[in-house]
Amino acid sequence: MRFNPESITALAKATGRRPRNLSRTLKTMSHYGIVELHKEHNQVRPVARATAFQIMTA
């Protein structure tokens, strides 16, 4: 199932997270290229760039 939230507030409601905390997490994820944050009107829409991860350790 895909979920394309229209805003951080919509994503916060869907996940049960507080918008402020979720915003900080998304900014960190954006820094690493996992999420893009699109500013549209008075809202920020999060868009996932990565949906699968592989963790490699040495």
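**Close-up views of a predicted α-α-β-β chain**

**View 1. Overall arrangement of the protein chain.** Of the contacts in the protein chain with a separation of 6 or more, 23% are between residues 24 or more positions apart; contact means heavy atoms within 4.5 Å. The structure is a predicted model, in which local features need pLDDT of at least 70 and side-chain atom pairs count only at pLDDT 80 or more, while totals for chains, interfaces and linings use all residues. Residues are numbered from 1 along each chain as its sequence is written, and side-chain values use heavy atoms, with hydrogens and water left out. The protein chain has two helices and two strands, arranged along the sequence as α-α-β-β. Helices (H or I, at least four residues) and strands (E, at least two) are DSSP runs, numbered from the N terminus. Along the principal axes, the C-alpha atoms occupy a box of roughly 45 × 20 × 20 Å. Of the 58 residues, 17% are buried; buried denotes under 20% relative accessible area, exposed over 50%, and partly exposed in between (1.4 Å probe, protein chains only). The exposed surface of the protein chain is about 5200 Å², of which carbon and sulfur atoms supply 50%. Accessible areas come from the Shrake-Rupley method with a 1.4 Å probe, and for residues only the protein chains shown count as cover.

**View 2. The segment before α1.** Proline 5 belongs to the segment before α1, and serine 7 also lies in the segment before α1 (8-15). Proline 5 counts as buried because its relative accessibility is 8%. Leaving out residues up to four places away in sequence, proline 5 touches Ala10, Leu11, Arg45 and Pro46. From proline 5 to alanine 52 the C-alpha to C-alpha distance is 19 Å, with their positions 47 residues apart in sequence. Serine 7 is buried, since its relative accessible area is 7%. Its side chain reaches the backbone nitrogen of alanine 10 at 3.1 Å. Not counting neighbours within four places in sequence, serine 7 contacts Gln43, Val44, Arg45 and Pro46.

**View 3. The β1-β2 hairpin.** Strands β1 and β2 run antiparallel and are joined by six bridges; two strands pair if DSSP finds at least two bridges between them. Lysine 39 has valine 44 in β2 as its bridge partner. Two residues separate the strands of this hairpin, and histidine 41 in the turn has a positive phi of about 60°. In a regular strand, side chains alternate between the two faces of the sheet.

**View 4. The salt bridges.** The count comes to two salt bridges, each defined by a side-chain nitrogen of Lys or Arg within 4 Å of a carboxyl oxygen of Asp or Glu. Arginine 49 pairs with glutamate 36, their closest N and O atoms being 3.2 Å apart. This pair links distant parts of the chain, with arginine 49 in the segment after β2 (43-48) and glutamate 36 in strand β1 (residues 35-40), 13 residues apart. Arginine 49 is exposed because its relative accessible area is 54%, whereas glutamate 36, at 33% relative accessibility, is partly exposed. A salt bridge also joins the side chains of glutamate 40 and arginine 45, at 3.0 Å from N to O. Glutamate 40 counts as partly exposed at 29% relative accessibility, and arginine 45 counts as partly exposed at 24%.

Key:
A polar contact is a pair of N or O atoms within 3.5 Å; within protein, one must be able to donate a hydrogen and the other to accept it, and residues adjacent in sequence count only if both atoms are side-chain atoms.
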